[in-house]
Amino acid sequence: METKMALNYKSKSQKRSAVEKSMNSFLIIYLIILLFEAILSTILKYAWQAEEKWDEPWYNDKTEHERNSSKILRFISDFLAFLVLYNFIIPISLYVTVEMQKFLGSFFIGWDLDLYHEETNQRAQVNTSDLNEELGQVEYVFTDKTGTLTENEMQFRECSINGIKYQEVNGKLTPEGFSEDSPDGNRHTLMKEEELFLKAVCLCHTVQISADQTDGADGPWHANGIASPLEYYASSPDEKALVEAASRVGVVFMGTSGDSMEVKSLGKPERYKLLHVLEFDPNRRRMSVIVESPSGEKLLFTKGAESSILPRSKSGEIDKTRIHVDEFALKGLRTLCVAYRRFTPEEYQEIGKRLHEARTALQQREEKLADVFNFIERDLELLGATGVEDKLQEKVQETIEALRLAGIKVWVLTGDKHETAVSVSLSCGHFHRTMNILELVQHKSDSTCAEQLRQLAKRIKEDHVIQHGLVVDGTSLSLALREHEKLFMEVCKSCSAVLCCRMAPLQKAKVVRLLKTSPEKPITLAIGDGANDVSMIQEAHVGIGIMGKEGRQAVRNSDYAIARFKFLSKLLFVHGHFYYIRIATLVQYFFYKNVCFITPQFLYQFFCLFSQQTLYDSVYLTLYNICFTSLPVLIYSLFEQHVHPHVLQSKPVLYRDISKNAHLGYKPFLYWTILGFLHAFVFFYGSYLLMGEDTSLLGNGQMFGNWTFGTLVFTVMVITVTMKMALETHFWTWINHFVTWGSIVFYFIFSLFYGGIIWPFLHTQDMYFVFVQLLSSGSAWFAIILIVVACLFLDVVKKVLYRHLQPTSTEKAQMYSNRVALSDEFIALQPLSRARNQLSKIRCLQKFIVLVNVNVSGRPPERVGVLTALLVHGIRYTATASKVSVCNPCCFSLTETGSSINCMDSMCCFSDGETACTSIRRMLERLMGRCSPTRVNRSWSSSDPFYANDRSILTLSTMDSSTC
């Protein structure tokens, strides 16, 4: 429990989605409805039985036991009986269906090829399926920088040694301002300060190399003294990059053997004895090693953040190095300072004694070790600083901008230096150049921190039009969270982007918890790639791990894992959107169909003196939620795509339509509940109007009984709720068709089978021949059709009116996705009749187009713009050396006089063996002379016959380009 990871570990809290919380609240409401119906029915029963003729009718005499029983016990017994009768209003099967939907739906993330990273052969990983819909509710994204926004592939760029800046040029350290050809830039030896700096870099680290690479007398060296590449392994990419850079310029780390570290400086081997390692920790922000040089001298080499090294240095070019570090940070480089100290024998003896006492202490070992480390790492002599570049991942800027358009605020939490973090935030689009950057950094007291917060809050109110970005460092954050949490939150929420630098792992988790527990209760998402991000990932509502180069701790502790940050947009805007819409509709639909199911049972009690007589047969009661209505909604919740995925990803603003649990609020819940009660009333009273007056509906004059009436209500109900699900479905597959219409067919087949045979194991045969008798009546068929249409008609009218009069952004996108081409594989094809009607409009442009001279060999840019515009409108024309003329509304033909180029292409016509859509880029390439002269072309002409069933202009005739 004393490892760095364990010290930064926090207990993992149980995560529950907002949908699950809404389900529980809806369930409580329906439980209240159940209790209300049971109590009301019990009261009405005793109110009705207050009259003697209804209390003990002639056909139902009471026994002596019933007459003498307690009224209170009878009341409780009747209340419990009504509870059992109405208990189906509570959708117990909802939880089973939701769990199935979450588990089966989670496979689609792993199967998505857009989330597959080919270079590393990694696909998206789902560690929990309980939070799928939460991906569609994210309001804040907390992201690490290194390895998450960047590649975590460090490359050495610059360094500062003894106050002089150096760059690596062809494996040599070259001072800034000198080229390789200059006398000072073409040196084959290292100066004393340079060699000591590189030795410090090669000795102060935790890098390892393969054992077989150290074999041989000369080691990995060429004859010219230049080191061949060694394969280093390190937990820190920074250390690996620095050791590799040192080996390229002549100081090579050869590996460790026992307690010895071998280094070769320009081919000369040196062996250092490793005496002590002062491990890195987030509080000190540095690590050190104590070694014994070949001459027997005891040396301390230290490297770490400039904030922890420079204040402890007493000599060296401190001011110049500080300036160089700031310059490196402004370039976006990761900086480290390097220093050393020489020990006298007496000093080393005292250090060894203190270290032994601290490491063997049984109590307060950490505090004692920290004190000893601070005692050792003082009076340092500064050697210099390093600048390492970590390039951004692909499409990070586009992803952050898409998140911002979706209404999601992005916070970057990093342990990097202030200037480095700001530079990277600007380069990745987290901060805009036009954004007003506010800073809360380098505060040492509560009073100064509070005063700065008040000034920032006042400035934000005065500049309310300008977008603000906030930069906070770890020290100031600790002060702000101590006593000024509310003021700090007000400032943060007023900013479009927040950057927290110099953050410890536990501080990241505190920031996430701060937003998570705020009064607005926003849904948070944390994404990171290393062990230092585990606490943040576990604290957020949704934790995402990046499969990077810092191990798999973040991936193993996350809810979802992806290979690159750019995949976050597809995960949220497409998968999150789909999951939320699917499960929101599933939950509302389940409550709706259970209301439709039980309300007729409640209404039926008014016609049977509240005798607890059931309206439906017990088999129907059991199979309603299990067989007759379960599959359509389950398949809907797995395959529904109400908007095309390309549209969702290209229009992040659609994500706002589902934010804040919009589809599972009390308004949609009230709509679905009222709709369920309305449909239930239509089911019951529509059937009652048909059969309530003892009308004979059969040819032989026979009457229908109560089981026939209940079966009629149940039949109408099964058809209506299934058709309601069909109305909610936008994306139809063969599976949807199969389960939707198959459920209705299955109900009819089952009812015929169940009621057509006398089952010997059933104690009653109430349903024998009931369904067959019902379907033999033409009036019953008419009633079924009429009631189903009456129930769904108002719903259809409402959808049509709202879609055309007050369409939402999602409904507009649905219409857009049905018309517009989404990629090279999809093309929106117009009906042939529309193309023909537009032919006259296109010919109106002919007089103008004829005036345009097009020179194929040397076409001016403005003429290319005209041609491109005509191409986009699907106009086919012939281009010669002197004119352009319209030939046809579909295809484009080019003929150059006196040359072999003779090609034709189109956006809606295609050649044999090609796809139906050829991109404009290829068309323009052929326009400029890069096309195959020998091709079989297909086009459409106005003289071709029209067919009534033609949906597009893909019914084409062969036409040679020379005849155009």
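Q: Which residue in S22 does Ile 544 stand opposite?
A: In this predicted model, Ile 544 stands opposite Tyr 560 in S22.

Q: What makes S21 and S22 a pair of strands?
A: A pair needs at least two bridges. Three bridges join S21 to strand S22 (residues 560–562), so S21 and S22 pair. The two strands run parallel.

Q: How do you know that S20 pairs with S2 and with S21, and in which sense?
A: The cut-off is at least two bridges. S20 and strand S2 (residues 140–143) have four bridges, and S20 and strand S21 (residues 542–546) also have four. Both pairings therefore count, and each is in the parallel sense. On the S2 side, Val 141 has Leu 525 of S20 as its bridge partner; on the S21 side, Ala 526 stands opposite Gly 543.

Q: What makes S20 a mostly covered strand?
A: Buried means under 20% relative accessible area. In strand S20 (residues 524–528), five of the five residues are buried. Thr 524, Ala 526 and Gly 528 point one way, Leu 525 and Ile 527 point the other way, and all are buried.

Q: Why are S1 and S17 called edge strands of the sheet?
A: The open sheet has nine strands in the order S1-S22-S21-S20-S2-S16-S19-S18-S17, with mixed pairing. Strand S1 (125–126) and strand S17 (436–440) each have a single partner strand, so one side of each has no neighbour in the sheet.

Q: What makes Leu 572 stand out in the largest nonpolar core?
A: The core has 125 residues, and Leu 572, Val 587 and Phe 714 touch the most other members. Helix H22 gives the largest share of this core, 23 residues. Not counting residues up to four places away in sequence, Leu 572 touches Leu 135, Val 138, Leu 403, Ile 408, Leu 525, His 577 and Tyr 655.

Q: Why is His 577, a residue that Leu 572 touches, not itself a member of a nonpolar core?
A: Core members are buried Ala, Val, Leu, Ile, Met, Phe, Trp, Tyr and Cys residues. His is not in that set, so His 577 is a contact of Leu 572 but not a core member.

Q: How do you classify the lining of the largest cavity by residue class?
A: The lining divides into ten nonpolar, one polar and no charged residues. Thr 386 is one of the lining residues; Thr is outside the nonpolar and charged sets, so Thr 386 is polar. Strand S3 (150–161), helix H8 (192–203) and helix H9 (237–248) each supply at least two residues of this lining.

Q: How many cavities reach 30 Å³ or more?
A: The count is three. The largest cavity holds about 70 Å³ of space, and therefore passes the cut-off of 30 Å³.

Q: What is the volume of the second largest pocket, and which residues are closest to its centre?
A: The volume is about 1200 Å³. Of the 30 lining residues, His 663, Glu 728, Lys 798, Lys 799 and Glu 811 are the closest to the centre. Glu and Lys count as charged and His as polar, so Glu 728, Lys 798, Lys 799 and Glu 811 are charged and His 663 is polar. Over the lining as a whole there are twelve nonpolar, nine polar and nine charged residues. H30 gives the most to this lining, seven residues.

Note on methods:
Residues are numbered from 1 along each chain as its sequence is written. This is a predicted model: local features need pLDDT of at least 70, side-chain atom pairs count only at pLDDT 80 or more; totals for chains, interfaces and linings use all residues. Side-chain values use heavy atoms; hydrogens and water are left out. On a 1 Å grid over the protein atoms alone, a cavity is a set of points where a 1.4 Å probe fits but cannot get out, and a pocket is an open set with protein on both sides within 12 Å along at least five of seven lines; lining residues have an atom within 4 Å of a point. Grid points are joined across faces, edges and corners, and a volume is the space filled by probe spheres set on the points. A nonpolar core is a set of buried Ala, Val, Leu, Ile, Met, Phe, Trp, Tyr and Cys residues joined through side-chain atoms within 4.5 Å. Buried means under 20% relative accessible area, exposed over 50%, partly exposed in between (1.4 Å probe, protein chains only). Contact means heavy atoms within 4.5 Å.
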